[in-house]
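Biologist: I would like to learn how to read a model like this one. Could you walk me through it, feature by feature?

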Amino acid sequence: MTVTIQKELLNGSKVTILPKKEQSLTLARRVAAEKKAEGCDEAFYVANLDNIIDRFNLWKKELPMFEPFYAVKCNPDPEIDLVTKMGVRPEKVIYAHPCKSTNFLLHAKKLEISLMTFDNAEELEKIAEHYEKAELIIRIGVADLTANCQLSVKFGCDPELEAPDLLRRAAELGLNVAGVSFHVGSGCNDPTAFRTALKHTKRLFGLGASLGFNMKMIDVGGGFPGSDHHLSFEKIAEVLRNGVEEYFGDSQVRLIAEPGRESLCCLSAATPSLHPFSALPT
Ligand SMILES: Cc1ncc(COP(=O)(O)O)c(C=O)c1O
């Protein structure tokens, strides 16, 4: 290994920059051999950071109107502390878990993180008691039933049967609902789910206005592929652009998304642990 530098980008982890392009498997074998010689058997990553930049540029080209909020959840560290310690401003953070413990809620309040989601009445009561100035995003459950990982089974209220009552309850409690969020499922295969969710969002914005809310934020969550093995990013982006034009073409809205896999799937070229890796045939 020729050049080793400390990079703040990777939270203080050591990164080795290679002098020239090399096949990931060849490289992984070489690193494994070096580590073995040093008597080290820890797992390691082989990653191509150029891929992240390429995916980000693709995002900017296809969905320039959507701010990407990286879904920190797909990394294992304590999330809010991790990002605030990296210098991310509180207004650039969304606390996207719709069921928060009171302690976590108070912690967010202390750090002045005010954007947060909810999908149930108990959460509203909790927020009204502990953080009534929070800016709330109602999470609705709209699923692509063919997606690889369903999230609406865990999170998101029914957009027709539950969301209207929740908005009314938020208004009674004097809370501030600023928008709608959803997540159609990770590894989306049917992008029409995004269109359906935007349709519900439009209706809920109307109801919100009649209750005195100024709802402007649309958080379309994740579901983006991050690799070429799925429905393409471009296809999802097209459906989103058309949906936004159809339902919100004449309104001022703030559009955001929470890409997780889209940002990171492309990163790991190989993630071997030394033992199974060294058993691979040459
Ligand atoms: C709230 C939330 N946002 C974003 C994501 C990231 O989703 P994806 O990896 O499909 O982009 C997840 C994944 O579980 C999530 O729960």
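**Reading the strands, the core and the ligand shell**

Modeller: Let us start with one pair of residues: F118 in β5 stands opposite I138 in β6. Please keep in mind that this is a predicted model.

Biologist: Thanks. In which sense do β5 and β6 pair, and over how many bridges?

Modeller: β5 and β6 pair in the parallel sense, over four bridges. From β6 you can step on to β7: the two run parallel and are joined by five bridges. I138 is a handy marker here, as it stands opposite F118 in β5 and opposite V180 in β7.

Biologist: Are there other pairings I should look at?

Modeller: Yes, look at β9, residues 254–257. Strand β4 (residues 66–68) pairs with β9 in the parallel sense over three bridges, and P68 stands opposite A257 there. Strand β8 (residues 217–219) also pairs with β9 in the parallel sense, over three bridges, with M217 opposite R254.

Biologist: Next, burial. Which way do the residues of β5 point, and are they buried or exposed?

Modeller: For a strand, look at each side in turn. In β5, L115 and T117 point one way while M116 and F118 point the other way, and all of them are buried. As for β7, five of its six residues are buried, so the strand is largely enclosed by the rest of the structure.

Biologist: How do I read a helix in the same spirit? Which residues of α5 are buried?

Modeller: For a helix, look at directions around the axis. In α5 (residues 121–130) the buried residues are E123, L124 and I127. These three lie on the same side of α5 because they cover an arc of only 100° around the axis. E122 and E129, on the other side of α5, are exposed.

Biologist: What do the buried residues of α5 pack against?

Modeller: They pack against two helices, α4 (102–110) and α6 (163–172), and two strands, β5 (115–118) and β6 (135–139).

Biologist: Where does L175 lie, and why does L175 count as buried?

Modeller: L175 sits in the loop between α6 and β7 (176–181). A residue counts as buried if 20 or more other C-beta atoms lie within 10 Å of its own. L175 has 22 C-beta neighbours inside 10 Å, so this residue counts as buried. Leaving aside residues up to four places away in sequence, L175 touches L124, I127, A128, E132, L136 and A170. L175 and L124 are 51 residues apart along the chain, and 8.2 Å separates their C-alpha atoms.

Biologist: And the opposite case: why does E172 count as exposed?

Modeller: The cut-off for exposed is 12 or fewer such neighbours. E172, found in helix α6, has 11 C-beta neighbours inside 10 Å and therefore counts as exposed. E172 also makes a good exercise in comparing sequence with space: E172 and L211 are 39 residues apart in sequence and 9.3 Å apart in space, C-alpha to C-alpha.

Biologist: Which backbone angle stands out at E112?

Modeller: E112 has a positive phi of about 60° although it is not a glycine. E112 lies in the loop between α4 and β5 and is exposed, with 12 other C-beta atoms within 10 Å.

Biologist: What is the general idea behind a nonpolar core?

Modeller: In soluble globular proteins, nonpolar side chains tend to be buried together. Here the largest nonpolar core has 55 residues, of which L136, I138, V177 and V184 touch the most other members. Helix α7 (residues 192–210) gives the most to this core, with six residues. Beyond residues up to four places away in sequence, the contacts of V184 include V142, A147, F194 and A197.

Biologist: Now the ligand. Which residues come nearest, and how is the shell made up by class?

Modeller: Of the 16 residues around the ligand, A71, S186, G222, G260 and R261 come nearest. By class, the shell has six nonpolar, six polar and four charged residues.

Biologist: Finally, how would you describe the whole chain?

Modeller: The protein chain has ten helices and ten strands. Of its 282 residues, 35% count as buried. Among contacts with a separation of 6 or more, 72% are between residues 24 or more positions apart.

Note on methods: Residues are numbered from 1 along each chain as its sequence is written. This is a predicted model: local features need pLDDT of at least 70, side-chain atom pairs count only at pLDDT 80 or more; totals for chains, interfaces and linings use all residues. A residue is near a molecule or strand if its C-beta atom, placed from the backbone, lies within 6 Å of it. Ala, Val, Leu, Ile, Met, Phe, Trp, Tyr, Cys and Pro count as nonpolar, Asp, Glu, Lys and Arg as charged, and the others, Gly among them, as polar. Two residues are in contact if their C-beta atoms, placed from the backbone, lie within 7 Å. Two strands pair if DSSP finds at least two bridges between them. The arc is that of the directions from the helix axis to the C-beta atoms. A nonpolar core is a set of buried Ala, Val, Leu, Ile, Met, Phe, Trp, Tyr and Cys residues joined through C-beta atoms within 7 Å.
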